[in-house]
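Biologist: I am new to this structure and would like to go through it in questions and answers. Please show it before we begin.

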Amino acid sequence: MNFSPLPSVDAASVPADALVLDVRENDEWAAGHVEGALHVPMSDFVGRFGEVTEVVAERGRAYVMCRVGGRSAQVTQYLVQQGFDAVNVDGGMLAWDGAGRPMVAESGSPAFVL
């Protein structure tokens, strides 16, 4: 079998105006996320696939993110197999935070990675 490597990028290289697709669960999202990101928990992904593809078609490449990169790799692989331009963010939100990239929390208190 021929598996092509999963397209991926490190958190520091994600453009500031990029479409970030956050596939973490609601509690993780509430604690801290990328401002303006599209939040579709992996558990809801299949049910909301049409919504996701509409946004990707409109905005271009999706930078898929979870906490450390495992769930997002699965979603990225699925999107790529469906012909969409998607890349996995290596290290996920932990790497994003570690790179000093901005985050917001739903509560208005300081954001953190859950």
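Biologist: Which residues do ring pairs link into a cluster?

Modeller: This is a predicted model. The structure holds four aromatic pairs. Ring pairs join these residues into a cluster: Phe45, Phe49, Tyr78 and Phe84.

Biologist: What kind of aromatic pair do phenylalanine 45 and phenylalanine 49 form?

Modeller: Both phenylalanine 45 and phenylalanine 49 are buried. Their ring centres are 5.8 Å apart, and the planes stand at 70°. Planes over 60 degrees apart count as edge-to-face, and the pair of phenylalanine 45 and phenylalanine 49 is edge-to-face.

Biologist: How many residues apart in sequence are the parts that the pair of phenylalanine 49 and phenylalanine 84 ties together?

Modeller: The centres of these two rings, phenylalanine 49 and phenylalanine 84, are 6.1 Å apart with planes at 85°, so this pair is edge-to-face. Phenylalanine 49 belongs to helix 2, while phenylalanine 84 is in the loop between helix 3 and strand 5, so the parts tied together are apart in sequence by 35 residues.

Biologist: Is phenylalanine 84 buried or partly exposed?

Modeller: Buried means under 20% relative accessible area. Phenylalanine 49, at 19%, is therefore buried. Phenylalanine 84 has a relative accessible area of 25%, so the term for it is partly exposed.

Biologist: What is the order of the strands in the open sheet?

Modeller: The sheet has five strands, with parallel pairing. Its edge strands, pairing on one side only, are strand 1 (8-10) and strand 3 (38-39). The order is 1-5-4-2-3.

Biologist: Which residue in strand 3 stands opposite leucine 21?

Modeller: Strand 2 (residues 19-22) runs parallel to strand 3, and two bridges join them. Opposite leucine 21 in strand 3 stands leucine 38.

Biologist: Which strands does helix 2 touch?

Modeller: Helix 2 covers residues 49-59 and packs on the sheet. Its direction makes about 160° with that of strand 2. The strands touched by helix 2 are strand 2, strand 3 and strand 4 (62-65).

Biologist: What angle does the direction of helix 3 make with that of strand 5?

Modeller: Helix 3 (residues 70-81) also packs on the sheet. It touches strand 2, strand 4 and strand 5 (86-90). With the direction of strand 5, that of helix 3 makes about 165°.

Biologist: Which residues of strand 2 are buried on one side and on the other?

Modeller: Strand 2 is covered on both faces. On one side the buried residues are Leu19 and Leu21, and on the other they are Val20 and Asp22.

Biologist: Which residue in strand 4 stands opposite aspartate 22?

Modeller: Four bridges pair strand 2 with strand 4 in the parallel sense. The residue of strand 4 opposite aspartate 22 is methionine 65.

Biologist: Through which helix does the chain cross from strand 4 to strand 5?

Modeller: Strand 4 and strand 5 run parallel and are joined by three bridges. Alanine 62 stands opposite alanine 86 in strand 5. The β-α-β crossover between these strands is right-handed, and the chain makes it through helix 3.

Biologist: How many residues of strand 5 are buried?

Modeller: Strand 5 also pairs with strand 1 in the parallel sense, over three bridges. There aspartate 10 stands opposite aspartate 90. Strand 5 is mostly covered, and of its five residues the number buried is four.

Key. Residues numbered from 1 in each chain as written. Predicted model: local features only at pLDDT ≥ 70, side-chain atom pairs only at ≥ 80, totals over all residues. Heavy atoms only, no water. Pairing = 2+ DSSP bridges. Contact = heavy atoms within 4.5 Å. Axes fitted to C-alpha atoms, helices over the stretch in contact; angles between N-to-C directions. Buried < 20%, exposed > 50% of the residue type's maximum accessible area, 1.4 Å probe, protein only. Right-handed = clockwise from strand over helix to strand, strands pointing away. Phe/Tyr/Trp six-rings, centres within 6.5 Å; stacked < 30°, edge-to-face > 60°.
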